[in-house]
Amino acid sequence: MGLFIIAGLAVCTAAALLEFHMETKRFVVTRYTIRSKKLPKAFCGVKMALISDLHNKVYGEENERLLGAVKREKPDYILIAGDILTAKRGEDFSTSVSFLEKLAKSYPVYYSFGNHESRLKEKKEHYGTMAAEYERAIGKLPLHMLHNQKMEIRRNGDTILIYGLEIGTEYYYRFKPYNMTGNYLNKKLGRANAEQFHLLIAHNPYFFPAYAEWGADLVVSGHNHGGIVQVPFLGGLVDPKLRLFPKYDKGLFQERDAQLVLSGGTGSHSPNFRALNPPELVIITLEKE
């Protein structure tokens, strides 16, 4: 009898592991509605697709499945919250560049780097010319790069401000806590204008309180991959800093008057494993409160 129980458990475990591995090969569409008193009238009903942590992942030939899902949602803008590639010496990032090229031909794309893109730049002694090659490739595309910069998005006479925050890789180190304040963001991005709607693309969600203090109205982030394993009633299991049950795993969060839409990631890497936590394409609809 004991052997049957052990065999049954072994089969169930193998089936679960296979299912969790297969979970990385598909994605879901997750939708949020963000309401703000500061949103200009012309932006009511605007849809934005958020893609983060793709990590060179390909869904179908030339990413046709992911591109098809974006097309069906009919977004007005695309937000890229970093880690489109994986920082690995010798890694081929041509599929990611091709994906960005196809997006930029059809939609206004706003892109801010994550820790993987920043690592290529900061650690040239390890990655060689990869950063320069990547930036040269995406520099040829008709997309908007935001390296600690802001741009205006104009629509029917109204305007919102969009920022891209790129922080140093030291803010991602494990076991080394780094604090961030709104003053740090003032130096990086300039002071926020309380009268205008501010959309901040910030790859690392850990510093959301500082983003709110600075004056962001909507923050879009990624990085934490949804905690890799979603534990029922408890949320994500672990973040990249190896903290258990992080406060920010994925979903919608509130701090002061700011809202955070945190993607669980559109791809995976190291480990290429998820449980009850499929990759996602996030769709955000803006509305006036």
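## A lysine over a ring, and the fold around it

In this predicted model, the charged end of Lys57 sits over the ring of Tyr59, 5.7 Å from its centre. A charge counts as sitting over a ring if NZ of Lys or CZ of Arg is within 6 Å of the ring centre and within 35 degrees of the ring normal.

Before going on, here is how to read the values. Residues are numbered from 1 along each chain as its sequence is written, and side-chain values use heavy atoms, with hydrogens and water left out. Because the model is predicted, local features need pLDDT of at least 70 and side-chain atom pairs count only at pLDDT 80 or more, while totals for chains, interfaces and linings use all residues.

**Around Lys57**

Lys57 lies in the loop between β2 (47-51) and α2 (64-73). Helices (H or I, at least four residues) and strands (E, at least two) are DSSP runs, numbered from the N terminus. Where is the nearest side chain of opposite charge to Lys57? That side chain is Glu91, 11 Å away, and Lys57 is buried yet has no salt bridge. For charges, Lys and Arg count as positive and Asp and Glu as negative, while His and the chain ends are not counted. Buried means under 20% relative accessible area, exposed means over 50%, and partly exposed is in between (1.4 Å probe, protein chains only). A salt bridge is a side-chain nitrogen of Lys or Arg within 4 Å of a carboxyl oxygen of Asp or Glu.

Not counting residues up to four places away in sequence, Lys57 touches Thr24, Lys25, Asn63, Thr266 and Gly267. Contact here means heavy atoms within 4.5 Å. Thr24 has its place in the loop between α1 (2-23) and β1, and at 1% relative accessibility it counts as buried. Leaving aside neighbours within four places in sequence, the contacts of Thr24 include Lys57, Tyr59, Ser268 and Pro279.

**Helix α2**

Next along the chain comes a helix with several buried residues: Leu66, Leu67, Gly68, Ala69, Val70 and Glu73 in α2. What covers them? The cover includes β1 (28-36), β2, β3 (77-80), α3 (94-106) and β14 (280-288). Just after α2, Lys74 takes a positive phi of about 55°.

**Salt bridges**

A search of the whole structure finds 8 salt bridges. Three of them are set out here.

| Pair | Closest N to O |
|---|---|
| Lys38 and Asp217 | 3.2 Å |
| Glu62 and Lys102 | 3.7 Å |
| Lys121 and Glu166 | 2.8 Å |

The pair Lys121 and Glu166 links distant parts of the chain: Lys121 is in helix α4 (residues 115-122) and Glu166 in the loop between β7 and α7, 45 residues apart. Lys121 is partly exposed, with a relative accessible area of 29%, while Glu166 counts as buried at 9%. Salt bridges that share partners also join Arg31, Lys47 and Glu73 into one network.

Lys38 lies in the loop between β1 and β2 and Asp217 in the loop between α8 and β9 (218-221), so this pair ties together parts that are 179 residues apart in sequence. Lys38 counts as partly exposed at 26% relative accessibility, whereas Asp217 is buried at 8%.

**Aromatic pairs**

The whole structure holds 11 aromatic pairs. Rings of Phe, Tyr and Trp (its six-membered ring) pair if their centres lie within 6.5 Å; planes under 30 degrees apart count as stacked, over 60 as edge-to-face and the rest as tilted. The ring centres of Tyr171 and Phe207 are 5.4 Å apart and their planes are at 85°, so the pair is edge-to-face. Both residues, Tyr171 and Phe207, are buried. Tyr248 and Phe253 have ring centres 5.2 Å apart and planes at 80°, so they are edge-to-face. Phe93, Tyr111, Phe113 and Tyr134 form one aromatic cluster.

**The whole chain**

How many helices and strands does the protein chain have? There are 8 helices and 14 strands. The radius of gyration is 19 Å, close to the 19 Å that the globule rule gives for 289 residues, so the chain is as compact as a globular protein of that length. This radius is taken over C-alpha atoms, and the globule rule is 2.2 Å times the number of residues to the power 0.38. Buried residues make up 53% of the 289 residues.
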